[in-house]
Amino acid sequence: MARPRSTVKRRARRDLSRRAFLKQATLATGAVAATALGTAAVAGAATGAPSGATAAGAASGPGAGMRHRTLGRTGLSVSEIGFGGYPIDDPAIVPYALDHGINYIDTAHCYRGGRSEEIIGTALKGRRQEVVLTTKWCPHHVGKPATKRVFLDILDDSLRRLQTDHVDVVLNHEVGKNSDGTGVERLKNPEMFEAFEEARKAGKVRFLGASGHDPDLMDVMHYAVDSGKFDVLLCRYSFLDYPEQNTLIEKARAKGVGVIAMKTLAGAKGADLDKFRDRYTTFKQAALKWVLSNPNVSNLIISINSTRQVDEYTPASGRPLEKADLEILREYAETFSTQVCRFSGACLPACPENVRIADILRFSMYYNDYKQENRAVESYARLVASERAAHCAHCAGFCEQACAYDLPIKTLLIRAHDTLARGGGRES
């Protein structure tokens with residue numbers, strides 16, 4: 001039985017889109033690799049470090065291979081691999097990471113109700129001076145208005161939990177219409193700037209930044225750079241993300257804004273597959289090396305909650321992106337390109353129920369791929385009933401028709417709802 005012409009055309013468009021994406025991803029990784037390897041060949045004889053990095057010194061030991069880069073105009077020297085503090089449970093992992101060369105630690109006031117900051121604060125006793133410490137302002141996450149007093153109170157809470165008198169960087173957390181309902185306008189709030197200036201003068205914080213990963217990420221981050229008021233960006237960046245991010249990163253570097261990459265593993269869906277094991281390099285190392293091969297990136301953060309993760313991630317610093325790495329990334333792209341959401345937002349206008357598609361798929365990624373089940377369930381539970389994916393079972397799947405990457409969005413949303421609602425996100 002012949003398929004309807006519209007179905008054939010749509011499938012052809014998707015196949016072409018997928019082929020174009022895979023070609024684009026290969027070209028992007030190849031170009032970055034060529035730049036990184038070419039620069040390293042020139043500079044390597046003198047320092048052994050990749051472009052944009054400085055050698056950690058002649059010290060020996062487990063942290064001797066870590067390289068450092070300068071975080072934009074802040075002048076702060078940060079390890080190429082940063083410690084993402086959301087999932088931290090055991091304080092002993094933090095000094096282990098420091099001993100392995102990591103000196104950049106990222107957390108937030110709202111992470112696990114403050115538990116992340118408390119554990120990091122305990123872990124840093126006697127070693128605070130060794131690290132560049134970042135936390136985040138997130139009044140929208142704790143149900144408070146974005147006023148000067150609230151910003152200052154949130155920072156004081158963070159300092160108390162972290163057992164320190166200052167943080168080096170404070171970021172405006174998850175700026176984006178999906179996350180805060182406001183988007184770029186949140187970066188124009190005069191009370192936030194007044195709070196930062198008061199805290200800076202009091203010695204409680206040194207630099208200001210913004211983070212985000214919503215579909216309006218490019219608008220948010222370009223505004224942050226162009227405004228001249230933000231010293232640091234924390235944004236999604238991986239070998240499966242959009243090429244226009246390179247334009248943003250280049251502009252930020254030119255204007256002295258430090259760029260920290262997150263969500264670097266593109267879903268990490270292949271991390272535990274047999275086909276990615278027992279290689280010269282692991283998939284995660286390859287993905288991290290791809291990010292670091294861009295000399296305009298200051299460093300990256302990745303969630304860490306075990307010494308095993310420290311042992312796997314830190315060797316990615318100071319090593320060039322090689323053919324073996326690109327082969328793993330190519331295999332991953334071919335296997336998972338139709339399973340990883342790029343958060344482009346193209347599907348959102350097509351949904352007749354205004355389901356929070358990108359957010360729900362991100363929560364599902366936290367649950368299934370990052371093994372952060374509580375974070376995923378709690379995030380889903382915060383959505384109002386009309387924004388959840390209960391509607392999707394009876395929908396025609398208009399979102400799938402709008403997706404350029406052939407994701408089975410409807411199926412993914414139904415699975416996500418079944419998992420996350422069962423864990424505590426039931427409709428009210």
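## Trp137 and the nonpolar cores

Leaving aside neighbours within four places in sequence, Trp137 has contacts (heavy atoms within 4.5 Å) with twelve residues, including Phe151, Ile154, Leu155, Val170, Leu171, Met192, Phe196 and Leu208. The model is predicted: local features need pLDDT of at least 70 and side-chain atom pairs pLDDT 80 or more, while totals for chains, interfaces and linings use all residues. Residues are numbered from 1 along each chain as its sequence is written, and side-chain values use heavy atoms, without hydrogens and water.

A nonpolar core is a set of buried Ala, Val, Leu, Ile, Met, Phe, Trp, Tyr and Cys residues joined through side-chain atoms within 4.5 Å. Buried means under 20% relative accessible area, exposed over 50%, and partly exposed in between (1.4 Å probe, protein chains only). Trp137 is among the six members that touch the most others in the largest core, which has 78 residues. Another core, of 25 residues, lies apart from it and includes Phe363 and Tyr405.

## Salt bridges

A salt bridge is a side-chain nitrogen of Lys or Arg within 4 Å of a carboxyl oxygen of Asp or Glu; the count is 26. In one of them, Lys289 pairs with Asp325, with the closest N and O atoms 2.8 Å apart. Lys289 is buried, at 1% relative accessible area, and Asp325 is buried at 0%.

Glu387 and Arg356 also form a salt bridge, at 3.2 Å from N to O. Both residues are buried, and both belong to a salt-bridge network with Glu174, Asp359 and Arg362.

## Positive phi

Arg112, not a glycine, has a positive phi near 55°. Arg112 is partly exposed, at 27% relative accessibility.
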